[in-house]
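This briefing covers a few local features of one protein chain. Look at the sequence and the structure below, then read the points by topic.

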Amino acid sequence: MVLGQSAATMVGVPLATFIALWYGWRAVFLIVAAVACCMLAAVFFLLPPVPSRNMPNLRHQLAYLKSFRPWFLLASLGLGCGGFFGYYAFIEPILETNAGFPRSDIYWLIGLAGTGMVVGNAISAFLAKYVSTIALSTYAQLVMLIGTALAVFLSGNPIFAVLLMILIAGANFFLAGPEQALLIKDAPGSELLSTSLGQFAFNSGNVIGTSLGSIFIHYMDSPIFCAIPATGLNILGLITLIVFWNSAPKKEIAVETPDNSPALSAMHTTGNGTTTTK
C-alpha cells in the first residue's frame, strides 16, 4: 500500500502538474475521474472474493484502548503526519517563492520528491529484516524532524531546498510502513480497530499540520515558515514514539520474524501468492 502511494506520487503528481500547467486543472480532474472508473471496474471484476472472519466482540476490541501504549502510538502517527504535511502541503510556494524556481519546473521537482518517497519506502522494507519496527519508526521521525528544522533556514538556497524536500519526503514514507506494522502488531485481536484509528490519526494530523502551516504563512508572510509548526509537531511525534518504544516489552524490540511475532506467525502465504490468516 505504502509503495503504491509513493509510486503514484512519483509519477502521478508531476504528470498532473504538467497537465494542469498546459491544459488547466479541469483536464486533471477529468483524467482522475476516468482512472477512478477504471479502478472501480478492476476491483469489481478482478479481485477474488474474500471469506469473512470471526472477529472478536466489540468489548474485547475496545479493551485494547485501556492501555496508554496505543494512545502514544496513535499520537505519534498523527503528529508525524502533521509534521510532514504541515511542510509538504506548501512545497510548491516554497520552491517558487523561497527557492526561486520558475513555475514550469515544479512538475519535475515534485517528481524528485516522489522518487525520494519510493526510495525511502524501499530502504525501510530492506532494513526491516535487520532492525525492529519501533527503531525504524523512531529514527525516521528524527530524520524528518531534522529536515523540517533545517528547511526553515536553508530553503532560500535552491539546492538545499530540493535536497531537504527529498529527504523529508523519503523519511515520511520510510516511516509509514513500520508504523502501519506497529498498529497491527500492537493490537492482537483488535487489528481492525487499531488500523481504523490509525487512519483517523493520519487524517487529523494532516488537517492540524496544514492548518498550523497556513496560519504561520499568513502572519509571517513567507511560505517557508510553515516548517516551524511542522518541526514542533515532529518534535512531539518523536517524543511520543520514544515513550512508546521505552514501554515496549523486550520481545517487541527484537526484529520481528514469523518465529517470534504472533502477528506475523498468524499469517502464511499460499502457493498462489495470496496471504491468508490461520
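In this predicted model, Met220 is partly exposed, because its relative accessible area is 37%, which lies between the cut-offs of 20% for buried and 50% for exposed. Met220 is located in helix α9. It is also one of the residues that make up a nonpolar patch on the surface.

**The nonpolar patch**
- The patch has an area of about 560 Å².
- Besides Met220, its members are Ile208, Leu212, Ile215, Tyr219 and Ile228.
- Helix α9, which spans residues 191-220, supplies the largest share of the patch, with five residues.

**Cysteines**
- The number of disulfides is zero, by the rule that two cysteine sulfur atoms must lie within 2.5 Å.
- Cys37 is in no disulfide, and the nearest cysteine sulfur, which belongs to Cys38, is 7.0 Å away.
- Cys37 counts as exposed because its relative accessibility is 53%, and the cut-off for exposed is over 50%.
- Cys226 counts as buried, because its relative accessibility is 0%.

**Thr231 and its surroundings**
- Thr231 sits in helix α10, which covers residues 227-246.
- Its relative accessible area is 12%, so Thr231 is buried, the cut-off being under 20%.
- Which residues does Thr231 contact, leaving aside its neighbours within four places in sequence? They are Leu145, Thr148 and Ala149.
- With Ala149 there is also a link from the side chain of Thr231 to the backbone nitrogen of Ala149, at 3.3 Å.

Technical notes. Residues numbered from 1 in each chain as written. Predicted model: local features only at pLDDT ≥ 70, side-chain atom pairs only at ≥ 80, totals over all residues. Heavy atoms only, no water. Patch = residues over 30% accessible without salt bridge, like charges linked within 9 Å, V, L, I, M, F, W, Y side chains within 5 Å. Areas by Shrake-Rupley, 256 points an atom, 1.4 Å probe, with all protein chains shown as cover. Salt bridge = Lys/Arg side-chain N within 4 Å of Asp/Glu carboxyl O. Helix = DSSP H or I, 4+ residues; strand = E, 2+ residues; numbered from the N terminus. Buried < 20%, exposed > 50% of the residue type's maximum accessible area, 1.4 Å probe, protein only. Polar contact = N/O pair within 3.5 Å; in protein donor to acceptor, adjacent residues only side chain to side chain. Contact = heavy atoms within 4.5 Å.
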